[in-house]
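Hello,

Here is the structure I promised to pass on to you. Please open it alongside this note, and then read on for what turned up in it.

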Amino acid sequence: MNEKEMVLEAQNVYGEYTISPTNTVKAVRDVSISISKGEVVGIAGESGCGKSTLVKILYGYLEPPLTAKGNVLIRINNTPPVNILSLNEVYKREKIWWRYMSYIPQNSMNVLNPFMRIGDHFAELLKKHIGLNKEDSYRVAREYVESLGLRKEILKAFPHQLSGGMRQRIVLLLALMLKPSIILADEPTTAVDVVLQKALLMFLLDKQREYGSSLVIVTHDLGVHAMASQRLVVMYAGKVVEEAPTEIIFEDPKHPYSMALIESIPRIGDESPKKGLLGSPPDLRNPPHGCEFHDRCPFAMDICKREPPPKITYEHNHVVRCWLYTKR
């Protein structure tokens with residue numbers, strides 16, 4: 001990728017949860033991805049595959065028991081890239097988070113402070129990052145929510161007085177208010193109905209295009225990826241097993257795991273029975289040797305059990321890790 005277009009790049013990133021000296025979950029293992037300016041990238045995979053952990057690492061949000069190593073390079077206003085994992089917490093909070101990079105966490109409707117009115121959430125954000133006093137913060141917040149078709153009265157409400165869908169929308173508004181260059185959204189439409197899901201997703205995409213931001217969407221819902229993402233990263237057992245433009249993976253998936261995910265999508269008029277994957281994802285406290293998918297793969301060979309597959313590059317920036325496509 002042209003370095004001038006890169007706004008975020010993970011290089012050989014590892015992430016672990018250390019539960020005890022003898023109990024470590026290797027949640028993210030040797031992941032390298034790049035995000036360019038204005039791009040929408042989706043990260044897909046089963047629960048427990050490392051998607052959410054990877055996004056936390058990309059954001060530089062490392063709280064015990066999570067630790068990370070590798071490089072996560074971000075470019076701020078055309079300056080030389082810096083490794084967010086090497087920055088201290090104070091600098092990230094004051095200079096990067098919210099203003100340059102926003103993070104919409106999983107179950108975000110529950111992250112609002114229940115003892116603060118909605119308007120106070122906006123005021124706190126504006127005071128800390130823009131330096132506005134409380135009166136000016138409330139004025140800016142009123143103008144902001146009204147410009148998006150919401151009633152200003154919601155600023156006086158406490159979180160519990162709003163529906164789950166409205167709380168989800170408020171978190172999106174807070175994350176987008178300072179027009180960040182990078183938006184990291186972890187399951188941004190979870191726990192809302194299909195109609196609201198589409199509305200929230202379209203709102204997020206509209207703002208992403210308006211601001212020219214880069215957007216990373218994490219979800220197991222392939223329908224969301226089909227609608228929103230331009231490039232899809234498929235993860236399994238903490239690793240990236242396939243990466244390509246979204247339409248290519250939907251039309252011609254290469255990795256057997258990606259094939260199974262695409263096969264599971266219901267299609268109008270298709271009444272054929274759907275088959276689930278046999279077995280369960282591996283225990284990442286003790287990952288298996290070779291290809292982590294070999295015990296669930298219908299195409300597994302002896303080498304799959306012994307050695308991890310190499311990265312194979314196809315045309316159209318299509319990358320897959322699978323022994324099926326190597327010359328041995």
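**What was found**

Lys-92 is a good place to begin: with a relative accessibility of 5%, this residue counts as buried. Please keep in mind that the model is predicted.

**Salt bridges**

How many salt bridges does a search of the whole structure find? The count comes to 14. Here are some of them.

Lys-92 takes part in one, its side chain meeting that of Glu-89 with an N to O distance of 3.7 Å. Both residues belong to helix α2, which covers residues 89–96. They sit three residues apart, or about one turn of the helix. Are the two partners buried or exposed? Lys-92 is buried at 5%, whereas Glu-89 is partly exposed, its relative accessible area being 29%.

Another salt bridge is formed by Lys-134 and Asp-120, whose closest N and O atoms are 4.0 Å apart. This pair links distant parts of the chain, with the two positions 14 residues apart in numbering. You will find Lys-134 in helix α4 (residues 134–147) and Asp-120 in helix α3 (residues 118–129). Lys-134 counts as exposed, at 55% relative accessibility, while Asp-120, at 22%, counts as partly exposed. That value puts Asp-120 in the partly exposed class because buried means under 20%.

Further along, the side chains of Arg-285 and Asp-283 meet in a salt bridge at 2.9 Å, N to O. Both partners are partly exposed: Arg-285 has a relative accessible area of 46%, and Asp-283 has 37% relative accessibility. Arg-29, Lys-239 and Glu-292, for their part, are joined into one network by salt bridges that share partners.

**The sheet**

Now for the strands. In what order do the four strands of the open sheet lie? They run β2-β1-β4-β5, and their pairing is antiparallel. The edges are taken by β2 (23–36) and β5 (82–83). Each of these has a single partner strand, so one side of each is left without a neighbour in the sheet.

Looking at the β5 edge, strand β4 (residues 66–74) is joined to β5 by two bridges, and the two strands run antiparallel. If you would like a spot to zoom in on there, try Ile-74, whose bridge partner in β5 is Val-82.

Enjoy looking around, and do write back with any questions.

Best wishes

Definitions and conventions: Residues numbered from 1 in each chain as written. Predicted model: local features only at pLDDT ≥ 70, side-chain atom pairs only at ≥ 80, totals over all residues. Heavy atoms only, no water. Buried < 20%, exposed > 50% of the residue type's maximum accessible area, 1.4 Å probe, protein only. Pairing = 2+ DSSP bridges.
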